[in-house]
Amino acid sequence: MQVAAVDVVNPRTGQVDYRFIPPSADQLAARAGELRKAQAGWRAAGLAARCAAMRRFATALESQRDAIVAALAIDTGRTHIAAGELASAANNIRRWCDRAPAIVEPPQFDSKMVPSLTIGHQLVPYSLVGVISPWNFPLALSLIDAVPALIAGCAVLIKPSEVTPRFAVPFREAIRSVPELSAVFDIIAGGRDTGAQLIPLVDAICFTGSVATGRKVGVAAAEHFIPAFLELGGKDPAVVLPGADLEQASDGILRSSCLATGQACLAIERVYVHESDHDRLVDLLVEKSKRVRFNHPDIDSGDIGPMIFGRQADIIDAHLDDAVARGAVIRCGGKSQNLGGGRYVPATVVTNVNHDMKLMTDETFGPITPVMKYRSVEEAVALANDTIYGLSGAVFARTLEEARAVAERINAGGMSLNDAGLTRETYEAEKHSFGCSGTGGSRHGDAGLTRFFRKKALLGQRGAPARLV
Ligand code: NAD
């Protein structure tokens with residue numbers, strides 16, 4: 001059956017300037033079948049051979065750097081972050097290759113419960129892992145699960161977002177330049193239907209995206225009895241305790257709120273500050289926000305790009321309208337602006353907010369920093385935990401110990417102490433997503449790799465089997 005072409009909008013112009021044809025269900029199934037078939041050889045080749053191929057892939061990505069970064073820059077309307085995504089992808093592949101040998105040794109020991117038993121384990125990778133990625137960091141979030149899965153010995157099929165599919169073309173060239181990898185690894189652009197069709201074809205699904213879609217993916221995965229690793233949205237709080245360095249707190253909060261135009265799951269989207277520090281912190285945030293510049297008209301300049309997905313700008317505008325209608329005050333910035341067809345949202349600071357406002361409860365996904373006063377630490381913790389999400393957050397305090405004591409009371413999987421958004425800077429710390437922010441093992445830290453193995457127990461009887469009669 002002929003599949004309809006998908007039109008893709010350029011975020012800087014608002015115009016459709018790219019089109020692709022998703023695979024038919026049969027084509028997708030056929031490619032999944034090929035990858036699955038080749039996986040046995042990839043697994044049998046052993047860890048050292050797989051890591052050697054992955055290192056060549058890192059080099060291939062760097063060789064395709066100009067083409068991938070150029071395509072990503074059109075997909076996302078920004079160049080600096082596109083270049084950063086590529087550089088950190090290559091580094092991350094090498095980091096996993098360095099780290100993997102130490103963490104894939106299956107445990108072996110003698111039983112304490114039955115002393116004659118030797119307990120061994122075999123680590124059995126899933127044959128085919130599906131990866132469904134979002135539009136906000138198209139390359140990084142396609143590779144974050146794919147790389148450890150491949151190193152574990154799985155085959156991987158990525159379905160990137162239909163909003164940002166251009167990078168997949170040069171990315172595929174990089175895969176193809178490493179023949180043993182191209183037998184077990186592919187990326188196929190497609191829309192929602194392709195994502196839904198992928199789930200029954202794989203043995204585990206890694207999904208990064210919204211809560212609404214994550215719920216559908218989780219249900220589909222349950223129907224097919226496959227594990228779903230769901231990395232979903234967030235509404236990250238920052239709590240600023242009395243005695244915190246407000247200069248540093250405002251730097252960390254602003255960077256985390258506005259980085260990637262706020263289009264990051266781990267962006268700070270709510271700030272709680274003690275009433276005695278409120279005005280000073282707001283002044284600092286406003287003063288610094290006014291210095292944040294659009295990357296328009298020069299894509300190589302500035303700090304804030306256009307919204308990658310135009311409809312997200314409508315959501316941001318709606319959250320601001322709702323907040324203002326309920327008494328919020330916009331201290332700087334404001335709603336989206338149309339510049340040359342792109343939808344740009346300025347760094348925006350909002351005060352007089354409360355939890356009746358969508359701006360404080362729903363994911364806004366823009367460079368907006370709402371600031372709310374609290375009177376006691378108890379109240380601050382309660383406000384930070386008043387959310388369906390639990391991705392990450394931040395606490396600023398006089399000392400790391402003070403910050404940690406409060407961070408331990410916040411229901412989120414990754415807390416930055418005296419900074420914000422640190423789970424984006426390093427993938428070394430294991431973290432789970434709490435609440436509606438996701439399910440499944442940690443994608444960070446060593447578990448990011450070991451979650452792609454099923455453990456098989458091999459129980460050896462050194463004595464004689466017990467007799468029934
Ligand atoms: P989205 O949920 O709209 O789409 C994500 C992907 O799912 C896309 O590739 C899409 O084609 C696919 N899809 C849509 N319907 C599907 C279905 N029924 N079955 C299978 N696949 C389907 O998300 P988005 O708007 O692209 O991304 C933004 C969201 O991602 C935000 O909520 C953000 O917080 C979240 N996110 C989370 C993390 C994290 O690590 N927790 C990281 C980045 C982004």
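Colleague: What makes you say that the ligand lies between domain 1 and domain 2?

Modeller: In this predicted model, domain 1 (6-232 + 433-457) and domain 2 (236-424) both give residues to the shell around the ligand, so the ligand lies between them. The shell holds 29 residues, and K159, E162, S210, L232 and E363 are the closest.

Colleague: Which secondary-structure elements each supply at least two residues of that shell?

Modeller: They are α8 (192-198), β8 (204-208) and α9 (211-223). By type, the shell has 12 nonpolar, 10 polar and seven charged residues.

Colleague: Why is the pair formed by E162 and the ligand called a polar contact?

Modeller: Good one! A polar contact needs two N or O atoms within 3.5 Å. A polar side-chain atom of E162 lies 2.6 Å from an oxygen atom of the ligand, so the pair meets that cut-off. The side chain of S210 also has an N or O atom 2.6 Å from a ligand oxygen. With G209, a polar backbone atom is 3.3 Å from an oxygen of the ligand, which is again within 3.5 Å. As for cover, the ligand alone exposes 850 Å², and the protein buries 89% of that.

Colleague: Let's turn to a strand. How do you know that β4 and β20 pair?

Modeller: Pairing takes at least two bridges. Strand β4 (residues 117-125) and β20 (residues 453-461) have nine, in the antiparallel sense, so they count as paired. One of the bridges joins L117 to Q461.

Colleague: And what makes β4 mostly covered?

Modeller: Buried means under 20% relative accessible area, and seven of the nine residues of β4 are buried.

Key
Residues numbered from 1 in each chain as written. Predicted model: local features only at pLDDT ≥ 70, side-chain atom pairs only at ≥ 80, totals over all residues. Heavy atoms only, no water. Near = heavy atom within 4 Å. Polar contact = N/O pair within 3.5 Å; in protein donor to acceptor, adjacent residues only side chain to side chain. Areas by Shrake-Rupley, 256 points an atom, 1.4 Å probe, with all protein chains shown as cover. Helix = DSSP H or I, 4+ residues; strand = E, 2+ residues; numbered from the N terminus. Nonpolar A, V, L, I, M, F, W, Y, C, P; charged D, E, K, R; others polar. Domains from an automatic or database assignment. Buried < 20%, exposed > 50% of the residue type's maximum accessible area, 1.4 Å probe, protein only.
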